Amino acid sequence: EDDFQFILCEGCQQESPNLKLLTCLHTLCLSCLNKNKLIGQCPVCQTAIPQASGIPNKDNVLFTNLQARLKVYKKIVDGIDLFCDNCKKASEFWCFECGEFLCTKCFEAHQQYLKRERHKANKVMDIRAGSAKDFLEGTRRTGNLSCTNPTHKSETVSVYCKKCCKPMCCICALLDSQHAPFCDIRSETQRRQEELSAINQELQQKRSSFEATYTVLQDEAVWLEQAQREMRELIRQRAEQLVQLIRREEEELLGLVEAREEQGRRELAKELQHVEGVLRRMEAGERLVEKMGLYATEQEVMDMQPFIKDSLEELRRLRLVMAEDQAQPRNFAECRARLQAL
């Protein structure tokens, strides 16, 4: 179960049939999104949700389908209510292509009538002896795309039109001469997977720069707190040596230090939050691309790749803002000068 924690909602860590994929590539259920609706941000990385309703349009079909497939595997492993989908007798086989349980008699008929279709039906005992990854790999191989043309629903998509960026079956490709050039659908899904992997590798290199900046900002936050304490103590020591006449100056200097410290704290907190959010988005993208490569069917790749690509492209365009580029001063030079004059 630990291997598949990634398919849970990243907000409540629960299974949900309604998982939404945000532009920051984090996955949340409708319940968490509704709770977060007024804020309008991802609760994981604080990236703004562009939809006014606070509910993204893109479903994470990969994680949702993985949940459904794993539930079937768990049912097989537990051995509870394993009945033939045709005659309701005790089942002995599972057909990956049909997604059905079969008893021995129905299995023989299934093999007889569908032998040309190359349907792969395994014994339930063999599936139970295997791992969840083996089961998912079997269901992945049978996840073929279906033609979107209503009259060709039974046809398997095997061609991709580069002109209109649309998958289609061989019949559609032969009848419509406007759709050209073509390429094999498997080549297109492979190209999309490789495109995501290339972007992901580039982001991994860029991520190290963000991590370095995050560390610098953390160190600066520690220094800011230490410098504030030291300056506070120095001001108090000097002020105590002075007469009542300059007590007002002491209080003014303390107020100025507090203002500078508070201003610096707010600026650092904002920068830290931004960099942390970007890092989490990169982690989410890396994880999602990895799981797409391991478990996604061709249907899922075709459905989700453009959306994921846009989000990764947005991350790739981000410019790293180094600490030395900040225009706001974060020191106590003015306080030191006034203290020296005092």
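This passage describes the overall make-up, one sheet, two backbone outliers and the aromatic pairs of a predicted model.

The protein chain contains ten helices and eight strands. Of its 342 residues, 41% count as buried. The surface that the protein chain exposes amounts to about 19700 Å², and carbon and sulfur atoms supply 49% of that area. Among contacts with a separation of 6 or more in the protein chain, 61% are between residues 24 or more positions apart.

One open sheet consists of three strands, arranged in the order β4-β3-β5 with antiparallel pairing. Its edges are formed by β4 (100-102) and β5 (121-123), each of which pairs on one side only. On average, and with direction ignored, neighbouring strands of this sheet are turned by 30° against each other. Strand β3 (residues 93-95) is joined to β5 by three bridges, and these two strands run antiparallel. One residue of the pairing can be named on each side: Cys95 has Ala121, in β5, as its bridge partner. Strands of a sheet pair through backbone hydrogen bonds, in either a parallel or an antiparallel manner.

Helix α3 (residues 104-113) lies across β3, β4 and β5, and runs at about 115° to β4. An aromatic pair is found between this helix and the sheet: Phe93 belongs to strand β3 and Phe107 to helix α3, 14 residues apart, and the pair links distant parts of the chain. The two rings are stacked, with 3.7 Å from centre to centre and 5° between the planes. Phe93 and Phe107 are both buried.

In total, five aromatic pairs were counted. A pair of aromatic rings is described by the distance of the centres and the angle of the planes. For Phe6 and Tyr295, the ring centres are 6.0 Å apart and the planes stand at 20°; planes under 30 degrees apart count as stacked, so this pair is stacked. Phe6 is located in the segment before β1, whereas Tyr295 is in helix α8 (residues 247-295), so the pair ties together parts that are 289 residues apart in sequence. Phe6 has a relative accessible area of 10%, and that of Tyr295 is 6%. Both values fall under the 20% cut-off, so Phe6 and Tyr295 are buried. Phe6 and Tyr295 also belong to one aromatic cluster together with Phe4 and Phe63.

Positive phi values occur at residues that are not glycine, including Leu25 and Lys88. For Leu25 the angle is about 75°. This residue, Leu25, is found in the loop between β1 (19-21) and β2 (27-29). The relative accessible area of Leu25 is 2%, under the 20% limit, and Leu25 is therefore buried. For Lys88, phi is near 70°. Lys88 is placed in the loop between α2 (61-78) and β3, the strand that occupies the middle of the order β4-β3-β5. With 55% relative accessibility, Lys88 is over the 50% limit and so counts as exposed. The two loop residues thus fall into opposite classes, Leu25 being buried and Lys88 exposed.

Conventions: Residues numbered from 1 in each chain as written. Predicted model: local features only at pLDDT ≥ 70, side-chain atom pairs only at ≥ 80, totals over all residues. Heavy atoms only, no water. Pairing = 2+ DSSP bridges. Helix = DSSP H or I, 4+ residues; strand = E, 2+ residues; numbered from the N terminus. Axes fitted to C-alpha atoms, helices over the stretch in contact; angles between N-to-C directions. Contact = heavy atoms within 4.5 Å. Buried < 20%, exposed > 50% of the residue type's maximum accessible area, 1.4 Å probe, protein only. Phe/Tyr/Trp six-rings, centres within 6.5 Å; stacked < 30°, edge-to-face > 60°. Areas by Shrake-Rupley, 256 points an atom, 1.4 Å probe, with all protein chains shown as cover.
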